[in-house]
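Work through the exercises below with the structure open beside the text. Try each task before reading its solution.

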Amino acid sequence: MTVTGKNGRWLQLAEEVAKCTRCRLAEGRRSVVFGMGNPEAGLMFVGEGPGEQEDLQGLPFVGRSGQLLDRLMLEEMGITRDSCTIANVVKCRPPGNRDPLPDEIEACHPYLEAQLELVNPKVVVTLGNFATKSLLGTTEGISRLRGRTYPYRSGHLVPTFHPSAALRGGGEVVAQMRADFVRAKEALGKRP
Ligand code: URA
Ligand code: SF4
């Protein structure tokens with residue numbers, strides 16, 4: 001098979017990651033959840049790691065958090081998953097949905113880097129603390145970081161809450177996420 005363009009390279013990278021055993025999360029996984037979407041699009045969402053549904057289906061954000069993500073994308077940005085890529089900080093499910101550990105995040109980081117390098121998105125939306133801290137290289141919490149747009153690589157980064165925080169936290173958190181999604185849409189319209 002000839003591998004051309006971003007789509008081809010995305011698939012090639014997915015095949016490589018599917019065999020990965022670089023960290024202990026390989027032991028309990030059913031699927032490696034590499035990510036999905038359209039690598040030609042200028043927008044990437046980065047979550048934390050697969051949950052139960054994602055591990056079963058091999059796709060990112062297909063459970064309740066994913067339903068909220070899809071809704072906010074559509075209602076605040078007017079887009080569906082075909083207009084973005086979705087990836088996670090770790091590609092394999094932490095057992096019992098525990099937080100990913102620092103050495104697991106580090107082991108998996110080259111894959112996220114490769115995804116970012118390949119897609120070269122104009123806008124990255126980080127969902128929650130793990131993605132935001134990993135990409136901005138800070139220890140500051142998401143509540144303090146969200147609410148503005150940061151320069152990132154050759155584009156912009158918009159941090160927001162993880163959808164699971166909105167599912168737990170209710171209306172106020174959802175309202176803040178909506179405002180951040182509007183911010184991401186605006187950043188897509190900006191000059192690089
Ligand atoms: N939560 C995440 O962070 N990522 C997923 O893919 C699903 C739930
Ligand atoms: Fe490899 Fe990442 Fe899965 Fe760990 S979480 S086994 S580094 S793909």
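The exercises that follow concern a predicted model.

**Exercise 1. The sheet**

Task: Give the order of the six strands in the open sheet, and find the strands at its edges.

Solution:
- Step 1. The strands follow one another as S1-S3-S2-S4-S6-S5, with mixed pairing.
- Step 2. S1 and strand S5 (150-152) each have a single partner strand, so one side of each is left without a neighbour in the sheet. These two therefore stand at the edges.
- Step 3. Two bridges link S1 to S3 in the antiparallel sense. Across this pair, glycine 37 is opposite threonine 85 in S3.
- Step 4. S2 and S3 are parallel and share four bridges.
- Step 5. Strand S2 (residues 43-47) is also parallel to S4, again over four bridges. S4 in turn runs parallel to strand S6 (residues 155-160), with five bridges between them.

**Exercise 2. Partners and faces of S2 and S4**

Task: Find the bridge partners of phenylalanine 45 in S3 and in S4, then decide whether the residues of S2 are buried or exposed.

Solution:
- Step 1. On the S3 side, phenylalanine 45 is bridged to isoleucine 86. On the S4 side, its partner is valine 125.
- Step 2. Valine 46 has threonine 126 as its bridge partner in S4.
- Step 3. Buried means under 20% relative accessible area. By this cut-off, five of the five residues of S2 are buried.
- Step 4. In a regular strand, side chains alternate between the two faces of the sheet. In S2, one side carries Leu43, Phe45 and Gly47 and the other Met44 and Val46, and both faces are covered.
- Step 5. Strand S4 (residues 123-127) likewise has five of its five residues buried. Val123, Val125 and Leu127 point one way, while Val124 and Thr126 point the other way.

**Exercise 3. Helix H1**

Task: Check the span of helix H1 (residues 5-17), then list its buried residues and name elements that cover them.

Solution:
- Step 1. H1 has 13 residues, and at 1.5 Å a residue the expected span is 18 Å.
- Step 2. The C-alpha atoms at its ends are 19 Å apart, which agrees.
- Step 3. Gly8, Trp10, Leu13 and Val17 are the buried residues of H1.
- Step 4. Their cover includes strand S1 (36-37), strand S3 (85-88) and helix H4 (102-119).

**Exercise 4. The surroundings of ligand 2**

Task: Where does ligand 2 sit, and which element gives the largest share of the shell around it?

Solution:
- Step 1. Ligand 2 is in the largest cavity.
- Step 2. Residues around ligand 2 include Val17, Cys20, Cys23, Arg29, Lys91, Cys92, Cys108 and Tyr111.
- Step 3. H4 supplies the largest share of this shell, with three residues.

**Exercise 5. Lysine 190**

Task: Place lysine 190 in the chain, classify its exposure and find its contacts beyond four places in sequence.

Solution:
- Step 1. Lysine 190 lies in the segment after helix H8 (171-189).
- Step 2. Its relative accessible area is 39%, so lysine 190 is partly exposed.
- Step 3. With neighbours within four places in sequence left aside, lysine 190 is in contact with Lys122, Thr149 and His156.
- Step 4. Histidine 156 is also the bridge partner of valine 123 in S6. Between lysine 190 and valine 123 there are 9.8 Å in space, C-alpha to C-alpha, although they are 67 residues apart in sequence.

Conventions: Residues are numbered from 1 along each chain as its sequence is written. Chains are lettered from A and ligands numbered from 1 in the order in which they are written. This is a predicted model: local features need pLDDT of at least 70, side-chain atom pairs count only at pLDDT 80 or more; totals for chains, interfaces and linings use all residues. Side-chain values use heavy atoms; hydrogens and water are left out. The expected span of a helix is 1.5 Å times one less than its number of residues. Buried means under 20% relative accessible area, exposed over 50%, partly exposed in between (1.4 Å probe, protein chains only). Contact means heavy atoms within 4.5 Å. Two strands pair if DSSP finds at least two bridges between them. A residue is near a molecule or strand if one of its heavy atoms lies within 4 Å of it. On a 1 Å grid over the protein atoms alone, a cavity is a set of points where a 1.4 Å probe fits but cannot get out, and a pocket is an open set with protein on both sides within 12 Å along at least five of seven lines; lining residues have an atom within 4 Å of a point. A molecule sits in a cavity or pocket if more than half of its atoms lie within 2 Å of its grid points.
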